[in-house]
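Thank you all for making the time this morning. I would like to take you through one chain, beginning with a single residue and working outwards from there, so please keep the sequence and the structure in view while I talk.

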Amino acid sequence: QVQLVESGGGLVQAGGSLRLSCAASGNIISINTMAWYRQAPGKQRELVARITSEGSTNYADSVEGRFTTSKDNVKRTMSLQMNSLKPEDTAVYYCNAPRVMTGAFRFIEVWGQGTLVTVSS
């Protein structure tokens with residue numbers, strides 16, 4: 001069983017900061033790219049940031065320059081530092097690993113359960 005568990009969500013005022021974390025566990029041989037998605041009420045889930053195992057990153061235009069993601073390949077963790085938060089950043093944030101090699105030598109996609117970020121104006 002492979003799991004991704006997010007933590008660090010909460011309530012923050014506009015202009016503030018939060019740091020989300022995602023930890024992978026289970027029978028894992030390797031994880032390459034990992035990503036953060038978010039889903040606001042009434043909207044579709046959208047990509048926020050993506051990071052490869054080599055550390056290459058890309059961000060949604062709406063968060064570029066405010067959010068930074070990083071990854072520890074040994075610990076199998078990923079973080080999202082969110083600065084200058086805006087009310088429109090309010091959403092449930094999900095951790096995603098689209099291609100995890102399991103101990104059974106199968107590739108699977110894994111999603112976390114999500115963590116709520118609320119930014120008040």
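Arg 19 is found in strand β3, and I should say at once that we are looking at a predicted model. Is Arg 19 buried or exposed, or does it fall in between? With a relative accessible area of 45%, Arg 19 is partly exposed, since the partly exposed class covers whatever lies between the buried limit of 20% and the exposed limit of 50%. If we set aside its neighbours within four places in sequence, the contacts of Arg 19 are Ser 7, Gly 8, Ser 70, Ser 79, Leu 80 and Gln 81. One of these, Gln 81, is also the bridge partner of Arg 19 in β9, and that takes us to the pairing of the strands themselves.

Strand β3, residues 18–25, runs antiparallel to β9, and six bridges join the two. Strand β9 also pairs with β8, again in the antiparallel sense and again over six bridges, and within that pairing Phe 67 has Met 82 as its bridge partner in β9. The strands β8 and β9 form a hairpin with four residues between them, and in this hairpin Arg 76 takes a positive phi near 60 degrees.

Let me stay with Arg 76 for a moment, because which residue carries a positive phi is a useful thing to look at, and here the residue in question is not a glycine. Arg 76 is found in the loop between β8, residues 67–72, and β9, residues 77–82, and at 26% relative accessibility it counts as partly exposed. How far apart in space are Arg 19 and Arg 76? From C-alpha to C-alpha the distance is 17 Å, with 57 residues separating Arg 19 and Arg 76 in sequence.

There is another residue of this kind further along the chain, namely Ser 84, which has a positive phi of about 50 degrees although it is not a glycine. Ser 84 lies in the loop between β9 and β10, and its relative accessible area of 40% makes it partly exposed.

That brings us to strand β10, residues 91–102, which pairs with β5 in the antiparallel sense over five bridges; in that pairing, the bridge partner of Ala 35 in β10 is Asn 96. Strand β5 has a second antiparallel partner in β6, residues 46–51, and five bridges join β5 to β6, with Tyr 37 having Leu 47 as its bridge partner in β6. These two strands, β5 and β6, form a hairpin with six residues between them, and in the turn Gly 42 has a positive phi of about 75 degrees.

Why can we call β5 largely enclosed by the rest of the structure? Strand β5 spans residues 34–39, and five of its six residues are buried, so the description follows from that count.

Within β10 I would also point out Met 101, which counts as buried because its relative accessibility is 19%, and the cut-off for buried is under 20%. Leaving aside neighbours within four places in sequence, Met 101 is in contact with Asn 27, Ile 28, Ile 29, Ser 30, Arg 106 and Phe 107. Met 101 and Ile 31 are 70 residues apart in sequence, yet their C-alpha atoms are 6.5 Å apart in space.

Now let me step back to the chain as a whole. The secondary structure comes to zero helices and twelve strands, so to speak a run of β elements from the N terminus on. Among contacts between residues at least 6 apart in sequence, 55% join residues at least 24 apart. Of the 121 residues, 40% count as buried, and the accessible surface comes to about 6400 Å², of which 47% belongs to carbon and sulfur atoms.

As for the overall dimensions, the C-alpha atoms fill a box of roughly 50 × 25 × 20 Å along the principal axes. A compact globule of 121 residues would have a radius of gyration near 14 Å, and the chain, at 14 Å, agrees with that. Finally, on charge, the chain has 12 positive and 9 negative charges, and their mean positions are 5 Å apart.

Notes:
Residues numbered from 1 in each chain as written. Predicted model: local features only at pLDDT ≥ 70, side-chain atom pairs only at ≥ 80, totals over all residues. Heavy atoms only, no water. Rg over C-alpha atoms; globule rule 2.2 N^0.38 Å. Buried < 20%, exposed > 50% of the residue type's maximum accessible area, 1.4 Å probe, protein only. Contact = heavy atoms within 4.5 Å. Areas by Shrake-Rupley, 256 points an atom, 1.4 Å probe, with all protein chains shown as cover. Lys, Arg positive; Asp, Glu negative; His and termini not counted. Charge placed at Lys NZ, Arg CZ, Asp CG, Glu CD. Pairing = 2+ DSSP bridges.
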